[in-house]
Amino acid sequence: MSLILTLIGRNLRVFWRDRLSLFFGLISPGVMFGMFVLFFRKVTAQLIAANINSNGYMQVTVDDVYPTCDAWMFASVTTLASFTGAIGMMTAFVDDRASGRFSDYLVAPIRRWRLGVAYVISTVIVSFVISGAMMMCVNLWAWARDTPIMSGTPLWQCLGAVLLSSLVFSSLNTVMMTLTPSVGSFNGYALVTGTSMGFLAFAFVPPVSLSDSVNNVIGSMPFAQSAALIREPAMSTALDPLLSKIPDGSARDSVHDMVMTALGSKLIVHGHTLTPTFITMVLITITVVLSAILIWRMSRVIR
């Protein structure tokens, strides 16, 4: 165990000393947040307000919907940050492999699977710190705009979802890095996945704007499922003031389900609603399977 902790500490030091990787790892969530504010915030709020008004439950304005839209926006950015943060940490892995540094480890009495575990845990730490810090910005933004702040159970649920997201994406990216033998292939992987992640997590385009067939495909992937776990507690807190204006309990539940489904917090795949418990079990299973694949791959990559 002490050997794995030593390797984890080494990987983290390599990451923090790489100023450029650290800069992009921290600035990427900020860039994504700027994109949401400039291009998606108002459009999404108008879309949700129109859906609520069209059902005749109540008449709301865009300003009424902004708190919920902001929660969706920050939850989406947090999900993307957990993925891009994991990719940023993989720089150390790729550099070790490309430079042949892996062979140096074989001199020491260390098993190959321990190297894989150390890389995954290091990646989880970086991913969780970056995405967790972004999630804390949700409360700062809400506090600045005098809107509901996450606390208590929703806050812990959101942190748990962020941790699980970091575990899944760290395992996935570490496995993929064993398949990218050069820095060039790593950069290509980072570019493609970093761009597509926004669509696969319903971050750039919410489900309400897509067809059922597309939503079924995306909703069955871990990217959208991870985002849904993070969005649910964040959006529920922000949506409470709006729902409190609806006196009818059944109408209140209908608006809640409609907004959650429209923004990808509640996933429906082929007519079946994916509950948070089901999604959690799926993501844990994926993490275990990817970890087993990683142990097998490390024995082939490190020679």
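In the predicted model, buried residues account for 49% of the 303 residues in the chain. The accessible surface amounts to about 13700 Å², and carbon and sulfur atoms contribute 67% of that area. Of the contacts in the chain with a separation of 6 or more, 81% are made by residues 24 or more positions apart. The secondary structure consists of eleven helices and two strands, arranged along the sequence in the pattern α-α-α-α-α-α-α-α-α-α-β-β-α.

Helix 1 comprises 16 residues, from residue 2 to residue 17. With a rise of 1.5 Å a residue, a span of 22 Å is expected for helix 1, and this agrees with the 22 Å that separates its end C-alpha atoms. The buried residues of this helix are Ile4, Leu7, Ile8, Arg10, Asn11, Leu12 and Phe15. An α-helix has 3.6 residues a turn, so residues three or four places apart point the same way. Such spacing occurs in helix 1 between buried residues, including Ile4, Leu7 and Ile8.

Helix 3 (residues 62–98) contains serine 82, which has a relative accessibility of 0% and therefore counts as buried. Beyond its neighbours within four places in sequence, serine 82 is in contact with four serines, Ser127, Ser131, Ser165 and Ser166, and with Phe169.

Aromatic pairing was examined next. A pair of aromatic rings is described by the distance of the centres and the angle of the planes. The count comes to four aromatic pairs. One of these, between phenylalanine 83 and phenylalanine 223, is edge-to-face, with 6.1 Å from centre to centre and 75 degrees between the planes. This pair links distant parts of the chain, as phenylalanine 83 belongs to helix 3 and phenylalanine 223 to helix 9 (residues 222–243), the two being 140 residues apart. Phenylalanine 83 has a relative accessible area of 2% and is therefore buried; phenylalanine 223, at 14% relative accessibility, also counts as buried. A further pair is formed by phenylalanine 169 and phenylalanine 223, whose ring centres are 5.9 Å apart and whose planes meet at 15 degrees, so this pair is stacked. Here too distant parts of the chain are linked: phenylalanine 169 is in helix 6 (residues 152–177) and phenylalanine 223 in helix 9, 54 residues apart. Both phenylalanine 169 and phenylalanine 223 are buried. Through these ring pairs, Phe83, Phe169 and Phe223 are joined into a cluster. Phe169 is also one of the contacts of serine 82 described above.

Side chains of opposite charge can pair when their charged atoms come close. A search of the whole structure identifies two salt bridges. In one, the side chains of arginine 41 and aspartate 70 meet with an N to O distance of 2.6 Å. Arginine 41 lies in helix 2 (residues 19–54) and aspartate 70 in helix 3, so the pair ties together parts that are 29 residues apart in sequence. Arginine 41 and aspartate 70 are both buried. The charged end of arginine 41 also sits over the ring of tyrosine 66, at 4.0 Å from the ring centre. Arginine 41 thus takes part in a salt bridge and in a charge–ring arrangement.

The other salt bridge is formed by lysine 266 and aspartate 257, with the closest N and O atoms 3.7 Å apart. Its partners are partly exposed: lysine 266 has a relative accessibility of 25%, and aspartate 257 has one of 33%.

Backbone geometry was considered as well. Most residues other than glycine have a negative phi, and most peptide bonds are trans. Phenylalanine 202, although not a glycine, has a positive phi of about 55 degrees. Phenylalanine 202 is located in the loop between helix 7 (183–200) and helix 8 (212–219), and is buried, with a relative accessible area of 1%. Histidine 270 likewise has a positive phi, near 50 degrees, in a residue other than glycine. Histidine 270 occupies the loop between strand 1 (267–269) and strand 2 (272–274). In contrast to the buried phenylalanine 202, histidine 270 is exposed, with a relative accessible area of 60%.

Helix 11 (residues 276–301) includes arginine 300. This arginine has a relative accessible area of 44% and is therefore partly exposed. Although arginine 300 and threonine 178 are 122 residues apart in sequence, their C-alpha atoms are 8.9 Å apart in space.

Technical notes:
Residues are numbered from 1 along each chain as its sequence is written. This is a predicted model: local features need pLDDT of at least 70, side-chain atom pairs count only at pLDDT 80 or more; totals for chains, interfaces and linings use all residues. Side-chain values use heavy atoms; hydrogens and water are left out. Helices (H or I, at least four residues) and strands (E, at least two) are DSSP runs, numbered from the N terminus. Buried means under 20% relative accessible area, exposed over 50%, partly exposed in between (1.4 Å probe, protein chains only). Contact means heavy atoms within 4.5 Å. The expected span of a helix is 1.5 Å times one less than its number of residues. Rings of Phe, Tyr and Trp (its six-membered ring) pair if their centres lie within 6.5 Å; planes under 30 degrees apart count as stacked, over 60 as edge-to-face and the rest as tilted. A charge sits over a ring if NZ of Lys or CZ of Arg is within 6 Å of the ring centre and within 35 degrees of the ring normal. A salt bridge is a side-chain nitrogen of Lys or Arg within 4 Å of a carboxyl oxygen of Asp or Glu. Accessible areas come from the Shrake-Rupley method with a 1.4 Å probe; for residues, only the protein chains shown count as cover.
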